[in-house]
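Biologist: Before we discuss the architecture, could the sequence and the structure be shown?

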Amino acid sequence: SAASAPPGWEGPPVRDELRGKSPYGAPQLDVAVRLNTNENPYPLPEPLVERIAERVREAARNLNRYPDRDAVELRTGLAAYLTRTGGYPVALENVWAANGSNEVIQQLLQTFGGPGRTAIGFEPSYSMHALISRGTGTGWISGPRSEDFTIDLAAAERAIAEHRPNVVFITTPNNPTGNAVPSATVLALYEAAQAAGPSIVVVDEAYIEFSHGDSLLPLLEGRPNLVVSRTMSKAFGAAGLRLGYLAAHPAVVDAVQLVRLPYHLSAVTQATALAALEHTDTLLMYVEQLKAERDRLVTELRAIGYDVTESDANFVQFGRFEDSGTAWRRILDRGVLVRDNGVPGWLRVSAGTPAENDAFLDAVRELKKEQN
Ligand code: PMP
């Protein structure tokens, strides 16, 4: 069969830096309450589903042709959304889109990182920044974070000055910890990165719509090496769509064209994302509900006696556990799937529907009784 191999074969000759590594993989288990991947728990509203069907039907009539390579209509719509909600005007030439913000990040690393270059992030943070760095041949530098999961500015500045990375990732609100990074910190890190580099500073705002505070989009003014990355996977409730985007100086958008695959955004993807943008206001009402549920999770977890990291995202980091792996399993035994991100002593729960959150709170209340 095609799964047989000669004796002595040591596996396919993968690149050295990939050898022995594990792929990204949150467990996709069949559990009643799944609060482990920061998805939006609300299915798209039916009128939007209808609109998607309509727009996709139109697109289907032209599927013999390649899609708009530059996704002009979609980028114009995304620019309008950012301008309306982000406190800073951006236009078509400032915006680029790809298949999820993971692909945006990959294109940025292919453009500004790569062999002989490095990227830094302040960990624990979004693990794909390191994994995509590795995948693009970019050296990864694990920058420091304080005990309380804030960025220690002096330590971060020292790390940038010492390593002179080509790409700096700042995730705000941060995943998996949930806390936002103050804009003064981002500004100082941008300055440090320009002094050491110049380097590209990527502000990953995947969860910004859930924040108590504002987007850092206005920081783009006069900072051509700053990139703000966004996604429709969370606030727009469209993780299955795979649509991420960025806002930056037009020269950054132009540079990314050098690595993007031709026609990378399918006509079906563009049509679906455009339909979703038409329903922005409805989708943002769900965001308000989720923010209230997130705040409730924080309050109730603290009332039960857990430590909780301040959250500006649609998830909450809670602890502390002697062994987070065991705690994760106990919660799963009660029918609720949360996330063990490998941060010792802590677990992460995504805000679900009120009923899902109640089920989660019941499970961790019982767990607390057990532990006492
Ligand atoms: N950035 C952060 C901080 C994330 O947590 C995620 C998804 N978990 C992403 C980017 C990627 O999301 P997507 O590719 O679905 O846009």
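Modeller: The questions below concern a sheet and a pair of helices in this predicted model.

Biologist: In what order do the three strands of the open sheet lie?

Modeller: The pairing in this open sheet is antiparallel. Its edge strands, each paired on one side only, are β9 (307–308) and β12 (346–350). The order is therefore β9-β10-β12.

Biologist: Which residue of β10 stands opposite Val308?

Modeller: β9 pairs with β10 (residues 315–319) in the antiparallel sense, over two bridges. Opposite Val308 in β10 stands Phe318.

Biologist: Which helix lies across β9, β10 and β12?

Modeller: The helix in question spans residues 280–304. The angle between this helix and β10 is about 10°. The helix lying across the three strands is α9.

Biologist: Is α3 parallel or oblique to α4?

Modeller: Helix α3 (residues 100–112) packs against helix α4 (residues 127–135) with the axes 10 Å apart and at an angle of about 45°. Angles under 35 degrees would count as roughly parallel, and 65 to 115 as roughly perpendicular. Because about 45° falls in neither range, α3 is to α4 oblique.

Biologist: How many nonpolar, polar and charged residues make up the contact of α3 with α4?

Modeller: From α3, the contact involves Asn102, Ile105, Gln106 and Leu109. They meet Met128, His129, Ile132 and Ser133 of α4. By class, the residues of this contact are four nonpolar, four polar and no charged.

Biologist: What is the handedness of the crossing of α3 and α4?

Modeller: These two helices pack at about 45°. The crossing of α3 and α4 is right-handed.

How values were computed. Residues are numbered from 1 along each chain as its sequence is written. This is a predicted model: local features need pLDDT of at least 70, side-chain atom pairs count only at pLDDT 80 or more; totals for chains, interfaces and linings use all residues. Helices (H or I, at least four residues) and strands (E, at least two) are DSSP runs, numbered from the N terminus. Two residues are in contact if their C-beta atoms, placed from the backbone, lie within 7 Å. Axes are lines fitted to C-alpha atoms, for helices over the stretch in contact, and angles run from 0 to 180 degrees between N-to-C directions. Angles under 35 degrees count as roughly parallel, over 145 as roughly antiparallel, 65 to 115 as roughly perpendicular and the rest as oblique. A crossing is left-handed if the near helix is turned anticlockwise from the far one by less than a right angle, and right-handed if clockwise. Ala, Val, Leu, Ile, Met, Phe, Trp, Tyr, Cys and Pro count as nonpolar, Asp, Glu, Lys and Arg as charged, and the others, Gly among them, as polar.
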